[in-house]
Amino acid sequence: SAKKAAELTGQLLAYAGRGRFHTKRLDLSNHVREMQALLLATVPKPAILTVDLEAELPPIKGDVSTLQQILLSLVINAGQAIQPSSGRVWVKTGTRDLSSALIRTLVKIEEPPPGRYVYLEVGDDGPGIPSEIVGQIFDPFLATNALGKRRGLATVLELANQHGGAVEIERERASGACVRVYFPEAGMPSSPGTEL
């Protein structure tokens, strides 16, 4: 109980911007690969998990426990979205050049600079996100039942911001949803809100 309380406190402090980060340069694909067994156990049966990891990604500067929290939150969210029917959850990594125009379309707290970003993508082929809800999914006080089985993404957004990144949502009412979290390459200029 004490360990769970400590973990919860750490998550709350991270959300409030007061958490302590231990950052290092890391390969996001390797990080996901190391968590693959846990991810397989996290996705409910009979759903299928597929993983597509880009080789030789440029390094990002990240906090390992925070990246684990982001990945697990997104995979659990995707798995719950397709229950109780069978479906597919996928995890993907890659790179993308973000222009100023594209950054304006992303969900962010602080404006990240244009440049090359490494992304973590988690998607599912569930029922999608209703249009009346999509604008509220980053609200920390959004009730779980208002999302069906999807949870709000406020913590994911805050943690992405503290890594100098942003979030992109792709959703279709009838063909699932995809969340893409962007992280700047190590060495890129930081946005003003970055805590690393």
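This note sets out numbered points on the fold, the cores and the side-chain pairs of a predicted model.

1. Overall make-up. The protein chain holds seven helices and seven strands. Their order along the sequence is α-β-α-α-β-β-α-β-α-β-α-α-β-β. The chain has 196 residues, and 45% of them count as buried. Its accessible surface is about 9900 Å², with 51% of that belonging to carbon and sulfur atoms.

2. Contact range. Taking the contacts between residues at least 6 apart in sequence, 78% join residues at least 24 apart. Two of the side-chain pairs described below link distant parts of the chain: tyrosine 119 with tyrosine 182, 63 residues apart, and glutamate 168 with arginine 96, 72 residues apart.

3. Main core. The largest nonpolar core has 37 residues, and Leu71, Val91 and Val181 are the members that touch the most others. Two or more residues come from each of helix 2 (28-34), helix 4 (64-82), strand 4, strand 5, helix 7 and strand 7. Helix 4 is the greatest contributor, giving seven residues.

4. Valine 91. Leaving aside residues up to four places away in sequence, valine 91 touches Val32, Leu39, Leu49, Thr50, Val51, Asp52, Leu71, Val75, Leu120, Glu121 and Val122. Leu71, in this list of contacts, is also among the three core members with the most partners. The contacts of valine 91 include Asp52 and Glu121 as well.

5. Second core. A separate core of eight residues is also present, and Leu98, Leu102, Tyr117 and Tyr182 are among its members. Tyr182 appears again in the next point, as one partner of the aromatic pair.

6. Aromatic pair. The whole structure yields one aromatic pair. Its partners are tyrosine 119 and tyrosine 182, arranged edge-to-face with 6.1 Å between centres and 70 degrees between planes. Tyrosine 119 belongs to strand 5 (residues 115-124) and tyrosine 182 to strand 7 (residues 176-184), so the pair ties together parts 63 residues apart in sequence. Both partners are buried: tyrosine 119 has a relative accessible area of 10%, and tyrosine 182 has one of 1%.

7. Arginine 180. This residue takes part in two kinds of side-chain arrangement. Arginine 180 lies over the face of tyrosine 119, at 5.8 Å from the ring centre. Arginine 180 also forms a salt bridge with glutamate 170, in which the closest N and O atoms are 3.0 Å apart. Since arginine 180 is in strand 7 and glutamate 170 in strand 6, the bridge ties together parts that are 10 residues apart in sequence. Arginine 180 is buried, with a relative accessible area of 9%, whereas glutamate 170 counts as partly exposed at 38%.

8. Salt-bridge network. Through shared partners, salt bridges join Arg96, Glu121, Glu168, Glu170 and Arg180 into one network. Glu121, a member of this network, is also one of the residues that valine 91 touches.

9. Glutamate 168 and arginine 96. The search of the whole structure gives six salt bridges. One of them joins the side chains of glutamate 168 and arginine 96, at 3.1 Å from N to O. Glutamate 168 sits in strand 6 (residues 166-172) and arginine 96 in strand 4 (residues 88-98), 72 residues apart. Glutamate 168 is buried at a relative accessible area of 12%, while arginine 96 is partly exposed at 30%.

10. Lysine 108 and glutamate 111. The side chains of these two residues meet in a salt bridge with an N to O distance of 3.9 Å. The cut-off for a salt bridge is 4 Å, so a reader should keep the 3.9 Å value in mind here. Lysine 108 counts as partly exposed at 23% relative accessibility, and glutamate 111 likewise counts as partly exposed, at 42%.

11. Helix 7. This helix spans residues 154-162 and is mostly covered, with eight of its nine residues buried. Those buried are Ala154, Val156, Leu157, Glu158, Leu159, Ala160, Asn161 and Gln162. Helix 7 is also one of the elements giving two or more residues to the largest nonpolar core. After the helix comes glycine 164, which has a positive phi, near 80 degrees.

Note on methods:
Residues numbered from 1 in each chain as written. Heavy atoms only, no water. Helix = DSSP H or I, 4+ residues; strand = E, 2+ residues; numbered from the N terminus. Buried < 20%, exposed > 50% of the residue type's maximum accessible area, 1.4 Å probe, protein only. Contact = heavy atoms within 4.5 Å. Areas by Shrake-Rupley, 256 points an atom, 1.4 Å probe, with all protein chains shown as cover. Phe/Tyr/Trp six-rings, centres within 6.5 Å; stacked < 30°, edge-to-face > 60°. Lys NZ or Arg CZ within 6 Å of the ring centre and 35° of its normal. Core = buried A, V, L, I, M, F, W, Y, C linked by side-chain atoms within 4.5 Å.
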